[in-house]
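Colleague: I should like to go through this model with you step by step. May we begin with the sequence and the coordinates side by side?

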Amino acid sequence: MGRMESDCRIPMLCLRPRVLALHALFWGLVSLRVFGAALLSEEKTTVARPVTTPCWQIEEFVVAVECSQCNAFQSKSWAACTQTGYVERINCTKSNKDEYKSCRSTLMEEHLFWKFEGAMLGLTILFALVVVARQRSLDRLASEKVRRQIESI
C-alpha cells in the first residue's frame with residue numbers, strides 16, 4: 001500500500017450517475033442526428049425519381065448557368081431543387097437539350113464546414129472540462145486516501 005492509486009480498477013465503473021447520464025444523452029443525440037439525417041436523405045431521394053434518364057447522366061454536358069439557390073417556386077415545382085436546394089442549368093452537347101441538375105453550392109459547403117468546426121470545438125471544450133473534473137475528483141480521492149493512511153499511523 002506504499003503507492004498512491006485509486007481503488008477503482010475499471011474506469012467506467014467509477015463514473016458517477018450524472019456523468020453516465022451525460023454520456024447517454026450525448027450519444028443519444030449523436031445517433032439521433034446521424035440516423036435522422038439518413039432517413040431524411042432517403043425520403044428526399046425517393047421523392048425525386050425522374051421517369052426518363054436525364055441527358056447529363058448518359059452524355060457530355062456544359063454548365064450554362066452556375067450553381068444558384070432555388071427560389072420558393074422552383075423548390076416546389078422542380079425535382080432538381082428538392083435534393084439540395086441549389087440547381088445549375090446544363091446543356092447536353094449531343095442532344096442539345098437544356099436541363100436542370102441539382103448541385104452543391106460552395107457557400108452551402110462552407111457553411112456546413114464551419115458548423116462542423118464549431119461542433120468539434122464545442123465538443124473539445126466539453127470533454128476538456130470533463131477531463132479536468134474527473135482529474136480533480138481522482139485527486140480528491142487520492143488525497144482522502146493519503147489522509148486516512150496518515151491518520152491510521
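Colleague: Which residue is the bridge partner of Q69 in β2?

Modeller: This is a predicted model, in which local features need pLDDT of at least 70 and side-chain atom pairs count only at pLDDT 80 or more, while totals for chains, interfaces and linings use all residues. Residues are numbered from 1 along each chain as its sequence is written, and side-chain values use heavy atoms, with hydrogens and water left out. β1 and β2 pair in the antiparallel sense over six bridges (strands pair if DSSP finds at least two bridges between them). Within β2, the bridge partner of Q69 is Y86.

Colleague: In what order do the strands lie in the sheet?

Modeller: The chain holds five helices and three strands, taken as DSSP runs numbered from the N terminus (helices are H or I, at least four residues; strands are E, at least two). The sheet is open and its pairing antiparallel. β1 (61–69) and β3 (98–102) are the edge strands, each pairing on one side only. The order is β1-β2-β3.

Colleague: How many bridges join β2 and β3, and which residue of β3 stands opposite I90?

Modeller: β2 and β3 pair in the antiparallel sense, and the number of bridges is five. V87 has S102 as its bridge partner, and E88 stands opposite K101. Opposite I90 in β3 stands E99.

Colleague: Is K101 buried or exposed, and at what relative accessible area?

Modeller: K101 is found in strand β3 and touches W56, F61, A80, Y86, V87, E88 and I90, not counting residues up to four places away in sequence. Contact here means heavy atoms within 4.5 Å. Buried means under 20% relative accessible area, exposed over 50%, and partly exposed in between (1.4 Å probe, protein chains only). K101 is therefore buried, its relative accessible area being 17%.

Colleague: Why is β2 largely enclosed by the rest of the structure, and how many of its seven residues are buried?

Modeller: Across the chain of 153 residues, the buried ones make up 16%. β2 is largely enclosed by the rest of the structure because, of its seven residues, the number buried is five.

Colleague: Which residue in the hairpin of β2 and β3 takes a positive phi near 55°?

Modeller: The hairpin has five residues between the strands. The residue in question is not a glycine, although its phi is positive. It is exposed, with a relative accessible area of 57%. It lies in the loop between β2 and β3, and it is N96.

Colleague: What span does helix α5 reach from its first C-alpha to its last?

Modeller: Helix α5 covers residues 106–152, which is 47 residues. The expected span is 1.5 Å times one less than the number of residues, and for α5 this comes to 69 Å. The span in the model is close to that, at 68 Å.

Colleague: Which residue caps the N-terminal end of α5?

Modeller: A side-chain oxygen of the capping residue lies 3.1 Å from the backbone nitrogen of L107. The capping residue is S105.

Colleague: Which elements do the buried residues of α5 pack against?

Modeller: M108, S137 and K145 are buried in α5. The buried residues of this helix pack against α4 (79–84) and β2 (86–92).

Colleague: How far apart are the end C-alpha atoms of residues 112–133?

Modeller: An unreviewed UniProt entry places the feature "transmembrane region" at residues 20–40 and 112–133. UniProt positions follow the numbering used here, feature names are shortened, and annotations may be inferred rather than shown by experiment. Over residues 112–133 the chain is 100% helix and 0% strand, and the end C-alpha atoms are apart by 31 Å.

Note on methods:
A polar contact is a pair of N or O atoms within 3.5 Å; within protein, one must be able to donate a hydrogen and the other to accept it, and residues adjacent in sequence count only if both atoms are side-chain atoms.
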